[in-house]
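Reader: Hey, I'm new to reading protein structures. Could you walk me through this one?

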Amino acid sequence: QVQLVESGGDLVQPGGSLRLSCAASGHIASINLMGWYRQAPGKQRELVARITSSGNTIYADSVKGRFTISRDNAKNTVSLQMNRLKPEDTAVYYCNANIRQLYSPSKSDYWGQGTQVTVSS
């Protein structure tokens, strides 16, 4: 069984910063892509940022220059540093990872439970 656990969501004022973290645990053989998605009320879930095992990254246009994704392959963790936060960044943020379990030939997508980020004065 694989589990993703997120932390770091909070209420922050516009212009502030937050750091989200996500740790994958369980019988993990390898992790390919790791990423962060978000879902605001009444909207579809959208990609925020994604990172490969070799460190290549991709960002949504709305967060480029403000957010930075990083990962620690040895610890199976991924983080999202969010700076210059805006009210429109308010959403539930979900961690996602493409994982191959031990003794399995195939990979599957796993999701965390979500962490609330609220940007408001």
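Author: Sure, we'll go through the sheet, the disulfide, the core, the rings and a few loops, and keep in mind that this is a predicted model.

Reader: Cool. Which strands make up the open sheet, and in what order?

Author: Four strands form it, in the order S1-S3-S8-S7, and their pairing is antiparallel. From one strand to the next, the twist averages 15 degrees.

Reader: Which strands stand at the edges?

Author: S1 and S7 do. Each has a single partner strand, so one side of each is left without a neighbour in the sheet.

Reader: What actually holds strands together in a sheet?

Author: In general, strands pair through backbone hydrogen bonds, and the pairing can be parallel or antiparallel.

Reader: OK, back to this one. How many bridges join S3 to S8?

Author: Six bridges, with the two strands running antiparallel. To find a spot on the model, look for Leu20, which stands opposite Leu80 in S8.

Reader: And how many bridges are there between S1 and S3?

Author: S1 and S3 pair over six bridges, in the antiparallel sense. For Glu6, the bridge partner in S3 is Cys22.

Reader: Where do the side chains of S1 point?

Author: They alternate along the strand. Val2, Leu4 and Glu6 point to one face and are buried. Gln3, Val5 and Ser7 point to the other face and are not buried.

Reader: You mentioned Cys22. Which residue does a disulfide join to Cys22?

Author: Cys95, with an S to S distance of 2.1 Å. The structure holds one disulfide. Cys22 sits in strand S3 and Cys95 in strand S9, 73 residues apart, so the link ties together distant parts of the chain.

Reader: Remind me what a disulfide is?

Author: A covalent bond between the sulfur atoms of two cysteines.

Reader: Right. Is Cys22 buried or exposed?

Author: Buried, at 2% relative accessibility. Cys95 is buried as well, with a relative accessible area of 0%.

Reader: Which hand does the link of Cys22 and Cys95 have?

Author: The link is left-handed, with -80 degrees about the S-S bond.

Reader: Switching topic: which residues touch the most other members in the largest nonpolar core?

Author: Trp36, Leu80, Met82, Tyr93 and Ile99, out of the 31 residues in that core. Several strands give two or more residues to the core, among them S1, S3, S4 and S5. S9 gives the most, with five residues.

Reader: Why would nonpolar residues gather like that?

Author: As a general tendency in soluble globular proteins, nonpolar side chains are buried together.

Reader: What about aromatic pairs, how many are there?

Author: The count comes to one aromatic pair. Tyr37 and Trp111 form it, and the arrangement is edge-to-face, with 5.0 Å centre to centre and 65 degrees between the planes. Tyr37 is in strand S4 and Trp111 in strand S10, 74 residues apart, and the pair links distant parts of the chain.

Reader: Is Tyr37 buried or exposed?

Author: Tyr37 is buried, with a relative accessible area of 18%. The cut-off for buried is under 20%, so Tyr37 makes it at 18%. Trp111 is partly exposed, at 38%.

Reader: Which charged residue lies over the face of Trp111?

Author: Arg45, at 4.7 Å from the ring centre. The charged end of Arg45 also sits over the ring of Tyr94, 3.7 Å from the centre of that ring.

Reader: Now the loops. What's the phi of Asn76?

Author: Near 55 degrees, a positive value in a residue other than glycine. Asn76 is found in the loop between S7 and S8, and counts as partly exposed at 22% relative accessibility.

Reader: And where is Tyr103?

Author: In the loop between S9 and S10. Tyr103 also has a positive phi, about 70 degrees, although it is not a glycine. Tyr103 is exposed, with a relative accessible area of 84%.

Reader: Last one: how far apart are Gly15 and Arg84?

Author: They are 69 residues apart in sequence, but 4.1 Å apart in space, C-alpha to C-alpha. Gly15 lies in the loop between strand S2 and S3, and is exposed, with a relative accessible area of 51%.

Notes:
Residues are numbered from 1 along each chain as its sequence is written. This is a predicted model: local features need pLDDT of at least 70, side-chain atom pairs count only at pLDDT 80 or more; totals for chains, interfaces and linings use all residues. Side-chain values use heavy atoms; hydrogens and water are left out. Rings of Phe, Tyr and Trp (its six-membered ring) pair if their centres lie within 6.5 Å; planes under 30 degrees apart count as stacked, over 60 as edge-to-face and the rest as tilted. Buried means under 20% relative accessible area, exposed over 50%, partly exposed in between (1.4 Å probe, protein chains only). A charge sits over a ring if NZ of Lys or CZ of Arg is within 6 Å of the ring centre and within 35 degrees of the ring normal. A nonpolar core is a set of buried Ala, Val, Leu, Ile, Met, Phe, Trp, Tyr and Cys residues joined through side-chain atoms within 4.5 Å. Two strands pair if DSSP finds at least two bridges between them. Axes are lines fitted to C-alpha atoms, for helices over the stretch in contact, and angles run from 0 to 180 degrees between N-to-C directions. A disulfide is a pair of cysteine sulfur atoms within 2.5 Å.
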